[in-house]
Structure formats: structure tokens, C-alpha cells
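Here are some short exercises to work through with the model open beside you. Try each task before you read its solution.

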Amino acid sequence: MAKEVVLSGIRPTGFLHLGNYFGAMRNYVRMQAEYNCYFFVANWHSLTTHPDTKELKAAVRRVVAENIACGVDTEKAAFYVQSDVPEIAELYLYLNMLSYKGELEKTTTFKDKVRTQPDNVNAGLLTYPVLQAADILIHRAVKVPVGKDQEQNLEMARNFAQRFNHRYGEVFPEPYGFNYGEQLVKIMSLDGNGKMSKSENQLSTLYLADEDDLIRKKIMKAKTDQGPEELKSVKADYIENLFTLMKLVSEGDTLQKFEDDFNNSSAGNCVIRYGDFKKQLAEDMVKFIAPIREKAIALQHSETELDKIMKQGADKARASASETIKLVRKAVLG
Ligand code: ADP
Ligand code: TRP
């Protein structure tokens, strides 16, 4: 039986961080073994919010290198840059005729952007979900590993697919968000304010490109408090987040020791030493991030290797995209 098609994209709007790793890339690596996977760098999408392209090329290459360094295997998955696949733009054109101003204006991300960039409410921003639908439908993908924030965009992609099929005949399956059954991981910012993000407080976000000492510094500065008031206290969310990080990067018995220390602590008898806890976490985090960072840097220096990877990804993606676009042209234009 043919493997199901999976697609996901990441915008090259900043440095990738631990939230991207555990929320997205870790799933990519898992899925590539089981599915027919397409992963890409959404550089057209980034133009909707970042019209200055001086740093775009380097950012695209860094995102590609970091994904490979995290374990995306280009022999298994197609990993490509959106602008290398012009078929996506053609599908976007057809889908634009089936999407309506009213529904686009109602989307939460559009409304957010109108607020945050009132001087640049461009049409690309309005039709962002249409381009995203084209990204997905061009490979007739059915599973899309993304965070919860993308649910509305996926719903719109399903609507556009249905509308197209209804009007021009069945071409597209309906795509759904996907994760591995467990709860979606959300990595909080180290200052306890919201999630780690490309654009939020940089000293509270651990980037995959951070040097060892910077990782240590950020973790040692992470928010903690006086310690638990009573035995087996419920953890404050910023403490819980540090434990989540330790669970993700440290050995099981290390985590257990600090869990026990926490649970045995109470006011006047604080067994857990947050200083030691963070020091241990910092060292384990360095061990986790350093090899990814080094591999990504090496790849970025090896221009020909990176070019080869991007060309191979584009070829694979275009093979699939051109099949779909032929069906689309036939359905629409006859
Ligand atoms: P950012 O918010 O940093 O700009 P994106 O919106 O580009 O990140 O998200 C890329 C992928 O990384 C998405 O699948 C998203 O769900 C995931 N992701 C981003 N931040 C986090 C986080 N703090 N915790 C878990 N997953 C995250
Ligand atoms: N909008 C997504 C984000 O902000 C990025 C993206 C663009 C995407 N096209 C996609 C994700 C297609 C999944 C599928 O994270």
C-alpha cells in the first residue's frame, strides 16, 4: 500500500529554538521512517511579515542545515525550499479564486497581524492561509504535523480542498493536523512568560545555534523561587518547565533525583537546590544542543553540500507537485 503523504513547513523568520525542535523537528524525524514525507522552508510566507530580504537567504540555509542536523534524512524525506517549487504558486492562484475576502479577514492570525503591523496589511498576509493550503495540497498530503496554533489554517485548507473538489471534480484529499497521540509539547520561555519563540525574549529562549556558555548563562538565569512550601507541592509553571526540559534532555535517574528532592522539600526544609538543579540541566542541555549546533555550522560552511541537499529536495518535491498540477490544470481548464 502506498504510504500516506505528510507535509509540514517552517518559516525562516529567525533562529530555530528548542520549542521548534520538540514541537516540530522531533516529529519530522519520527515520521520520515513511516510516511512519505515532504518538509519545507516557507520563504514566500516570510515575505508577508519580513519584506526586507537581506538576511533571508542565509536564514533559509540555516533552517535547512539545522533540520538536517536534527536528524531529517534527505534520503527518506524530501526537504526543500518553497520558492524552488513554482507549482505551489500556480496552485495558489487557482485556490485564490475559491477563497473569499470575508473568510480570510476573519482568521485570527490575519487579525493579529493587522494589529501588529498596521502599516503593512498586504494582500499576501490576507491570503496567507491560501498559500499554506497550496503548500499542503500540492502533494495531496493528508497528515500535517504542526502545533495547535495552526488548526485554523488547516481547517481552511480542508475548506479549499472541498470547494475545489466540489466545483472541478475530486483531486484533493482532506488534510488534518497530526501528532503522536501524546500531549503536544509546549516549551515555555525560561522567564516563565509565554512560549519560547523566535521573536520573544532572546535571553529566555534556547536556540539551536547557542554557544555552550550562552546556554549555561540562560539556564542559570531561568526563573525559580524560594522552593516548595510543602511536601509534594504542585510546581509553579516556570519550575514545571525546567523539569520538562530536564525530562527531554537528561537521563531518567537524574530527573528522578531532582523530582524526589522537590517532593521532599517544604518550607524550612528545602532539599532541592535550584542552583544545582539548573547547573545539571545546563550541562545536559549543552550536551544536547552542541552536536546539533556543530553539525549545522559545518553544513552551512559546506555550501556545495547544502546546495546539493536543496536541489535534491526540490527535485523530489517538483516530481510530486507537477503530477498534482497536471490534474489541477485538467480539472480547471480542461
Ligand atoms: P515561532 O513561534 O518560534 O515563530 P513557528 O510559529 O515558526 O515558531 O513554529 C514552527 C513549529 O514549531 C510549529 O510546528 C510550532 O508548533 C512549533 N513550536 C514553536 N514554538 C514552540 C514551543 N515553544 N513549544 C512547542 N512547539 C513549538
Ligand atoms: N504557517 C506555518 C507556521 O507559521 C508555516 C507553514 C507554511 C506551514 N505553510 C505550511 C505549516 C504548510 C504546515 C503546512 O508555523
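**Exercise 1. Sort the shell around ligand 1 by residue class, then find what touches the ligand.**

Step 1. By class, the shell holds six nonpolar, six polar and four charged residues. Here Ala, Val, Leu, Ile, Met, Phe, Trp, Tyr, Cys and Pro are nonpolar, Asp, Glu, Lys and Arg are charged, and the others, Gly among them, are polar. Before going on, keep in mind that this is a predicted model, where local features need pLDDT of at least 70, side-chain atom pairs count only at pLDDT 80 or more, and totals for chains, interfaces and linings use all residues. Residues are numbered from 1 along each chain as its sequence is written, chains are lettered from A and ligands numbered from 1 in the order in which they are written, and side-chain values use heavy atoms, with hydrogens and water left out.

Step 2. Of the 16 residues around ligand 1 (a heavy atom within 4 Å), His17, Asn20, Ile187, Met196 and Lys198 come nearest. Helix 1 (residues 18-31) supplies the largest share of the shell, four residues. Helices (H or I, at least four residues) and strands (E, at least two) are DSSP runs, numbered from the N terminus.

Step 3. Now look for polar contacts (N or O atoms within 3.5 Å of each other). One ligand oxygen sits 2.7 Å from a side-chain N or O atom of His17. An oxygen of ligand 1 is also 3.2 Å from a polar backbone atom of Gly147, and a ligand nitrogen is 3.0 Å from a polar backbone atom of Met196. On its own, ligand 1 has 540 Å² of accessible area, and the protein covers 86% of that (Shrake-Rupley method, 1.4 Å probe).

**Exercise 2. Place strand 1: what does it pair with, and is it enclosed or open?**

Step 1. Check the partner: strand 1 is joined to strand 2 (residues 36-41) by six bridges, and the two run parallel. Strands pair if DSSP finds at least two bridges between them. Across the pair, Val5 stands opposite Asn36 in strand 2.

Step 2. Check burial, where buried means under 20% relative accessible area, exposed over 50%, and partly exposed in between (1.4 Å probe, protein chains only). Five of the six residues of strand 1 are buried, so the strand is largely enclosed by the rest of the structure.

**Exercise 3. Which salt bridge partners are buried, and which are not?**

Step 1. Start with the total: there are 19 salt bridges, each a side-chain nitrogen of Lys or Arg within 4 Å of a carboxyl oxygen of Asp or Glu.

Step 2. Take Glu4 and Lys143, whose side chains meet at 2.6 Å, N to O. This pair links distant parts of the chain, 139 residues apart: Glu4 comes in the segment before strand 1 (5-10), while Lys143 is in strand 4 (residues 143-144). Glu4 is partly exposed at 37%, whereas Lys143 is buried at 17%.

Step 3. Move to helix 5 (residues 101-105), which holds both Glu105 and Lys101, four residues apart, about one turn of the helix. Their salt bridge spans 3.6 Å, N to O. Lys101 is exposed at 58%, and Glu105 is partly exposed at 33%.

Step 4. Finish in helix 12 (residues 252-263), where Lys257 and Asp261 lie four residues apart, about one turn. Their side chains meet at 2.6 Å, N to O. Asp261 is buried at 12%, but Lys257 is partly exposed at 43%. Elsewhere, salt bridges with shared partners join Asp212, Arg293 and Glu294 into one network.

Definitions and conventions: Polar contact = N/O pair within 3.5 Å; in protein donor to acceptor, adjacent residues only side chain to side chain.
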